[in-house]
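This report describes the strand pairing, helix packing and ligand surroundings of one protein model. The sequence and the structure are shown first.

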Amino acid sequence: MADNIGYLTLSTGDVLTGKWLYKTCPSQGEMVFNTAMTGYQEVMTDPSYADQIVTMTYPLIGNYGINDLDYESIKPYLSGLIISYPCPTPDHYESKYTLLDMVKKYEIPTLYDIDTRALTRIIRKSGEVYGKITTNKRDFPTMKQVDSNIVQKVSITEPYTWKPSKPTYKKLSVVVMDFGFKHSISKTLHDMGCEVTIVPFNTSFQQINSLHPDAVVLSNGPGNPKDLKGLFPTLKQITNHYPTLGICLGHQLIALAHGGETKRLPYGHRGSNHPVKDLITGKVFITSQNHGYVVESESLHAQEWKVSHINVNDQSVEGMVHHSKPIMAVQFHPEAHPGPMDSFYIFSQFMKLISTTKGEKQHA
Ligand SMILES: NC(=O)CC[C@H](N)C(=O)O
């Protein structure tokens with residue numbers, strides 16, 4: 001049994017002992033924790049977790065299995081998975097595979113029987129923690145930050161278009177810039193009747209113009225938004241020209257491209273029950289979140305931007321709208337998956353924004 005023992009060594013000097021669910025190592029990453037009780041398949045396939053070792057705080061993982069429907073990307077990009085108990089006997093009508101099948105298929109280094117509560121306390125206390133999944137308890141992580149080219153590793157290289165199955169009378173076409181997009185974003189737009197074209201993260205303004213879209217979405221994605229500095233002038237041009245929705249990394253990129261600032265949160269927001277207040281309606285929504293950085297509200301030019309949403313727990317910026325241009329952005333995940341659909345209305349608002357802008361252009 002001793003050869004089933006594996007270690008998670010941390011940049012804090014701590015060593016946690018667990019058992020291998022799938023042994024492939026060593027593997028390093030930024031340590032993050034997700035507090036969702038369900039949605040492990042969506043979490044594992046969300047490209048925003050690239051270069052990160054994800055700890056699930058809910059103790060039972062794998063209990064409803066893995067299906068063919070809930071992939072958020074074609075494959076997982078996370079560096080490792082840390083859990084307490086992997087359920088070997090899933091039960092759900094859509095389940096096709098076990099958690100073990102999944103980690104084996106995609107070769108995700110996975111340790112179980114780890115005290116995930118103790119680990120989460122270390123991450124919460126220390127803030128920025130890096131970890132290594134290894135067979136040697138004296139083998140500590142050398143990694144100090146997520147790769148600054150990580151978006152390039154997860155973005156598509158060739159654009160593709162998804163025609164609507166039931167085109168609506170509005171016939172809206174939307175370009176999604178892929179910084180590591182979750183499939184639920186394009187699926188939601190498609191379900192709303194849009195033609196969706198997904199383009200690589202470094203697509204130029206001219207290339208986007210040649211597609212004649214009605215609107216652009218800047219997707220979620222991994223890493224520090226400031227690492228994409230070279231794209232800010234292009235993103236400013238794009239967002240000044242087209243109705244735009246930014247989601248998570250996309251939200252941060254819009255703020256930076258327009259002269260705002262972002263900062264690192266002490267230990268991030270990752271889970272399915274983060275309360276967010278819509279400052280325009282005064283309503284509070286339970287949202288799905290996965291981010292380590294936030295936009296600094298004081299950095300936004302007040303003549304141009306209004307903070308539209310804040311996090312109820314720590315008052316951080318969760319959304320912004322431009323005063324005169326059709327640009328809106330949210331830090332949380334309105335597409336959910338995993339998590340509640342409470343903030344789905346963001347997509348409806350975006351559709352309205354596109355239609356109004358299109359109508360104004362036609363009447364001009
Ligand atoms: N889900 C995301 O888009 C994450 C954005 C960014 N990588 C962050 O951690 O803040």
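## Pairing at the centre of the discussion

Val-217 stands opposite Leu-245 in strand 14. The model in which this pairing is found is a predicted one. Strand 13 and strand 14 run parallel and are joined by 3 bridges.

## The open sheet

Strand 13 and strand 14 belong to an open sheet of 10 strands with mixed pairing, ordered 10-12-11-13-14-19-18-17-15-16. Its edges are formed by strand 10 (160-162) and strand 16, each of which pairs on one side only. Direction ignored, neighbouring strands of this sheet are turned by 25 degrees against each other on average.

Helix 8 lies across several members of this sheet: strand 13, strand 14, strand 15 (262-278), strand 16, strand 18 (317-322) and strand 19 (327-330). Relative to strand 14, helix 8 runs at about 115 degrees.

## Helix 7 against helix 8

Helix 8 (residues 249-257) also meets helix 7 (residues 232-241): their axes come within 9 Å and cross at roughly 95 degrees. Because of this crossing angle, helix 7 counts as roughly perpendicular to helix 8; the class covers angles of 65 to 115 degrees.

On the side of helix 7, the contact is made by Phe-232, Leu-235, Lys-236 and Thr-239, and on the side of helix 8 by Leu-253, Ile-254, Leu-256 and Ala-257. Sorted by class, these residues comprise 6 nonpolar, 1 polar and 1 charged.

## Surroundings of the ligand

Which residues are around the ligand? They are Ser-48, Asn-220, Gly-221, Pro-222, Gly-223, Cys-248, Leu-249, Asn-290, His-291, Gly-292 and Tyr-293. Strand 16 (residues 284-295) gives the most to this shell, with 4 residues. By class, the shell holds 4 nonpolar and 7 polar residues, and no charged ones.

Two of the residues around the ligand, Gly-223 and Cys-248, lie in loops that follow strands already described. Gly-223 is placed in the loop between strand 13 (215-218) and helix 7. Cys-248 is placed in the loop between strand 14 (244-247) and helix 8.

## Annotated sites

In the unreviewed UniProt entry, the annotation "binding site" covers Ser-48, Gly-221, Gly-223, Leu-249, Gln-252, Asn-290, Gly-292 and Tyr-293. These positions are spread over 246 residues of sequence, yet they cluster in space, with a largest C-alpha distance of 13.3 Å.

The annotation "active site", also from the unreviewed UniProt entry, covers Cys-248, His-333 and Glu-335. This group spans 88 residues of sequence but likewise clusters in space, its largest C-alpha distance being 11.1 Å.

## The closed barrel

A further element is a closed barrel of 7 strands, which runs 1-2-8-6-4-3-9 with mixed pairing. From one strand to the next, the twist averages 35 degrees. Helix 3 (residues 116-126) packs on the sheet of the barrel, where it touches strand 1 (5-10), strand 2 (15-22), strand 3 (27-34), strand 4 (52-56) and strand 6. The direction of helix 3 makes about 130 degrees with that of strand 4.

Within the barrel, strand 6 (residues 80-82) and strand 8 (residues 110-112) run parallel and are joined by 2 bridges. Leu-81 has Thr-110 of strand 8 as its bridge partner.

Conventions:
Residues are numbered from 1 along each chain as its sequence is written. This is a predicted model: local features need pLDDT of at least 70, side-chain atom pairs count only at pLDDT 80 or more; totals for chains, interfaces and linings use all residues. Two strands pair if DSSP finds at least two bridges between them. Axes are lines fitted to C-alpha atoms, for helices over the stretch in contact, and angles run from 0 to 180 degrees between N-to-C directions. Two residues are in contact if their C-beta atoms, placed from the backbone, lie within 7 Å. A residue is near a molecule or strand if its C-beta atom, placed from the backbone, lies within 6 Å of it. Ala, Val, Leu, Ile, Met, Phe, Trp, Tyr, Cys and Pro count as nonpolar, Asp, Glu, Lys and Arg as charged, and the others, Gly among them, as polar. Angles under 35 degrees count as roughly parallel, over 145 as roughly antiparallel, 65 to 115 as roughly perpendicular and the rest as oblique. UniProt positions are given in the numbering used here, feature names are shortened, and annotations may be inferred rather than shown by experiment.
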